[in-house]
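Welcome! Here is a short guided walk through a protein model, written for someone meeting it today. Please have a look at the sequence and the structure before reading on.

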Amino acid sequence: MSPNPMVGAVIATPNRIIGEGYHIRYGESHAEVNAVADMLKKNRVDFDNTSLFVSLEPCNFHGNTPACTNLIIQHKIPRVVISAIDKTDQVNFSGVQKLIEYGLEVEYGILKQKGAFTARVRNTFATRKRPYIILKYAQSSDGFIGQEGKQIWLSNSFSKRLVHKWRAEIDAIIVGKNTVLSDNPRLTTRHYPGENPLRITIDINDEISMNAKFKNGEADTWIYSRNSLQSSDVRGTTYKFINDKVNILSQICADLYNANHSTLLVEGGAKLLQSFIDADLWDEARVITSATKLGAGIASPKFSGIRIADFKLANDTVELCFSPKNVIYS
């Protein structure tokens, strides 16, 4: 759970794994702690000739839980193998240095790209002081995202379920005001188990009705408005006054960062998506292309990305891309 990262750890002898663990949720034990506990639960107390393999550099400060470096040193685990360095200010190679100072053998950068992929949200949040931003949209086979004033469903039921899975994996979701007015979306995870993300939109002139599903109280909701007289926390809806001295997208990113929300899914429409692209505020894009042709309509956003995967879901094609400036490549 944000802002903590996904981390996995195993303890192994040269012949077998004898302890494993992962970070389950924010505020609870880290992966290394759970791996040690798993080993001890199996009545294995001898750490001689063992190695700890962990996907992210062990933490070196006392936050909600004690520093994992202290645990490793306490149990005298002789060798630690790390994939990605944790770019958080309080860590950022200090965990590696401390383990080396105490005489442990430390290797890092193992399976570097895979480690960077797993840690991409954490390290974006830590280094860029904003959430990891994912663009998502569905388009017709001839390159249109929709038609003005119409509610058009392009993706199939399998892709719809996948989108709800994505929503369950992120902290916040944003759509444009016109999307709220034309589609009346709920932006929840009702087709996949998981918590609803924080819902966000920009409604400068307060055009969204109180009867809109966006304001139904199913999920916490932020609405950016110039009307500072709007009441706050009405059925879970909080109005945020737009600061005209700051770019609105930068304000949203700063507010999410300060609230410890480390992921943002930008679901549309085309104008909002393009504004994030033009501001170079994106890390990943997930594009669903339907077999449907529209012939005319609102053109899909334009961006230049690095394709990392694509797959079929019945008659839909899902393409995943990274920004060339994704933290993985830095």
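The paragraphs below go through a sheet, a helix, the nonpolar cores and two buried polar residues.

Please keep in mind that this is a predicted model.

**The sheet**

Let us begin with an open sheet of nine strands, in which the pairing is mixed. Following the strands across, the order reads β11-β10-β9-β8-β12-β6-β13-β16-β15. Which strands stand at the edges? They are β11 (237–241) and β15 (306–313); each has a single partner strand, so one side of each is left without a neighbour in the sheet. On average, neighbouring strands are turned by 20 degrees against each other, with direction ignored.

Within the sheet, β8 and β12 form a parallel pair over four bridges. Here Ile174 stands opposite Val266 of β12.

**A helix on the sheet**

Helix α8 packs on this sheet and touches β6, β8, β9, β10, β11 and β12. The direction of α8 makes about 150 degrees with that of β10. Its buried residues are Leu249, Gln251, Ile252, Cys253 and Leu256. An α-helix has 3.6 residues a turn, so residues three or four places apart point the same way.

Both ends of the helix are worth a visit. At the N-terminal end, Asn247 acts as a cap, with a side-chain oxygen 2.9 Å from the backbone nitrogen of Leu249. Just after α8, Asn260 has a positive phi of about 65 degrees.

**The nonpolar cores**

In soluble globular proteins, nonpolar side chains tend to be buried together. The largest nonpolar core in this model holds 28 residues, and the members touching the most others are Ile133, Leu135, Ile200, Leu264, Val266 and Phe276. At least two residues each come from β6 (132–139), β8 (172–175), β9 (198–202), β10 (221–225), α8 (248–258), β12 (263–268), α9 (270–278) and β13 (284–289). The largest share, five residues, is supplied by α9.

Val266 makes a good example. Leaving aside neighbours within four places in sequence, Val266 is in contact with Ile133, Ile134, Leu135, Lys136, Ile174, Leu272, Leu273 and Phe276. Another core, of 25 residues, lies apart from the largest one and includes Ala31, Phe47, Ile72 and Leu99.

**Two buried polar residues**

Is Glu57 buried or exposed? Glu57 counts as buried because its relative accessibility is 2%, under the 20% cut-off. This residue lies in the loop between β3 (51–56) and α2 (68–74). Beyond four places in sequence, the contacts of Glu57 include Ile82, Ile85, Val91 and Phe93. Tyr108 is 51 residues away in sequence, yet the C-alpha atoms of Glu57 and Tyr108 are 8.2 Å apart in space.

Ser51, found in strand β3, is buried too, with a relative accessible area of 10%. Leaving aside neighbours within four places in sequence, Ser51 is in contact with Val10, Ile11, Ala12, Ile77 and Arg79.

The polar contacts of these two residues are set out here.

| Side chain | Partner | Distance |
|---|---|---|
| Glu57 | backbone nitrogen of Ser94 | 3.4 Å |
| Glu57 | backbone nitrogen of Gly95 | 2.9 Å |
| Ser51 | side chain of Arg79 | 3.0 Å |

To tie the tour together, return to Val266: this residue belongs to the largest nonpolar core, and Ile174 stands opposite Val266 in β12.

Definitions and conventions: Residues are numbered from 1 along each chain as its sequence is written. This is a predicted model: local features need pLDDT of at least 70, side-chain atom pairs count only at pLDDT 80 or more; totals for chains, interfaces and linings use all residues. Side-chain values use heavy atoms; hydrogens and water are left out. A nonpolar core is a set of buried Ala, Val, Leu, Ile, Met, Phe, Trp, Tyr and Cys residues joined through side-chain atoms within 4.5 Å. Buried means under 20% relative accessible area, exposed over 50%, partly exposed in between (1.4 Å probe, protein chains only). Contact means heavy atoms within 4.5 Å. A polar contact is a pair of N or O atoms within 3.5 Å; within protein, one must be able to donate a hydrogen and the other to accept it, and residues adjacent in sequence count only if both atoms are side-chain atoms. Two strands pair if DSSP finds at least two bridges between them. Axes are lines fitted to C-alpha atoms, for helices over the stretch in contact, and angles run from 0 to 180 degrees between N-to-C directions.
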